[in-house]
Amino acid sequence: MSLQQWVRPEILAMAGYVPGEQPAPGRSFIKLNTNENPYPPPRPVLEAIAANADQRLRLYPEPSSRPVREAAARAYGLHPDHVVAGNGSDDLLTMILRTFVGPGERVAAPGPTYSLYPELTHLQGGVYVESPWLAEGGLPVAALAEHRAKVTFVTRPNAPTGHVVPLSQVAELCQATAAFGVVVLDEAYVDFAEDHGLGLLVDHPNLLVTRSFSKSFCLAGLRIGLGFMSAELAGQMHKVRDSYNLDRLAQAAAEAALGRLDLYAPLWEAVRLERRRVSEALRQRGFTVGESQANFVLAAIPPGRLDGAGWTGELKNAGILVRYFAADPRLRDRIRITIGLPEEMDRLLDAVDGLLAGSR
Ligand SMILES: *Cc1c(COP(=O)(O)O)cnc(C)c1O
């Protein structure tokens, strides 16, 4: 008899999500593997965290993160009743699936995309179905709608490709699915992009938009995310979340960050500039690099001695971590590279030059 007999079959069947490597403290790698922001959080944000690290930590935080939701409402021009805060945007994705998906119900997404969605679906006993992106990266609206899923995900900019679909196609999908489910627009990378989908909420009550503070807000270590949706759906989501899902320090940081978008805008612009430079430099070296609007690029490796796993391993030997998706055959000849500081990207390009010279 095994202890596993008490574990739900859905859990036994899961492999579990594998996040990118976080090196042990003291190992100094250039970290271009988990899309963190290379810049430190702005000083007022760090000061807000420090100002709240005092005796009040013995008290529970505000349960619904009300000050954060009010700050988000001011920053983005909507009402706090339309905002739900999460312990990272992954917490919101979990809450969404717990709210909408029961055993045997479907969750759909275009693929390849964020590999956490199938894991969260399987936790609910749901069925995950994928439709390939159209040629040129378009949203397969008709194919997705045919699944009649309770939840349909659109990641925009998409991970790990970095491409964006036109907002008009997201609107079409909302209409095509309105009779049977909701659409989740995952905007984890949207601050690095040219436009966003919050404006679609007015006309599409079955739309939920999620955002993360891990990438554009330089706060992956604190775990903060935001969800935007109708007040009706937000009311249901509040029943599902952990009673105190954002701690006091995270709430203080999120409120401060939302009040100082002016300090973040130059960081986002610096990442965009560096993304353009690195994309071009990799193309000149024989990589195929699609247009990205995120803080990473997906690069198809040039023909030669090394495959995707080989490049990932050799770059690690050179002190640089990038992300390789071994499990997805469509991504085997590709590596995903986070945009870091210009000097870090110079080190990457030097390492690439060395490996290309060695493989000739
Ligand atoms: C990083 C990421 C998330 C999760 O962000 P957290 O706020 O760190 O939980 C969600 N969706 C996508 C597509 C991501 O890449």
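Where does the ligand sit? In this predicted model, the ligand occupies the largest pocket of the protein, and its surroundings can be described in terms of the residues that line its shell and the polar contacts made with individual side chains.

The ligand is surrounded by 13 residues, and the closest of these are S89, Y189, S212, S214 and K215. When the shell is divided by class, four of its residues are nonpolar, five are polar and four are charged.

Polar side-chain atoms approach oxygen atoms of the ligand at three of the closest-lying residues named above, beginning with Y189, where an N or O atom of the side chain is 2.6 Å from a ligand oxygen. For S214, the separation between an N or O atom of the side chain and an oxygen atom of the ligand is likewise 2.6 Å, while for S212 a polar side-chain atom is found 2.7 Å from an oxygen atom of the ligand. Taken alone, the ligand would expose 390 Å², of which 93% is buried by the protein.

With regard to the cysteines, the structure contains zero disulfides, a disulfide being a covalent bond that joins the sulfur atoms of two cysteines. The relative accessible area of C174 is 0%, and this residue is therefore classed as buried, given that the class takes in values under 20%. C218, with a relative accessible area of 11%, is also counted as buried, because this value falls under the 20% cut-off.

Key
Residues numbered from 1 in each chain as written. Predicted model: local features only at pLDDT ≥ 70, side-chain atom pairs only at ≥ 80, totals over all residues. Heavy atoms only, no water. Near = heavy atom within 4 Å. Polar contact = N/O pair within 3.5 Å; in protein donor to acceptor, adjacent residues only side chain to side chain. Areas by Shrake-Rupley, 256 points an atom, 1.4 Å probe, with all protein chains shown as cover. 1 Å grid on protein atoms, 1.4 Å probe; cavity = no way out; pocket = protein on both sides within 12 Å on 5 of 7 lines; lining within 4 Å. Sits in = over half its atoms within 2 Å of the grid points. Nonpolar A, V, L, I, M, F, W, Y, C, P; charged D, E, K, R; others polar. Disulfide = S-S within 2.5 Å. Buried < 20%, exposed > 50% of the residue type's maximum accessible area, 1.4 Å probe, protein only.
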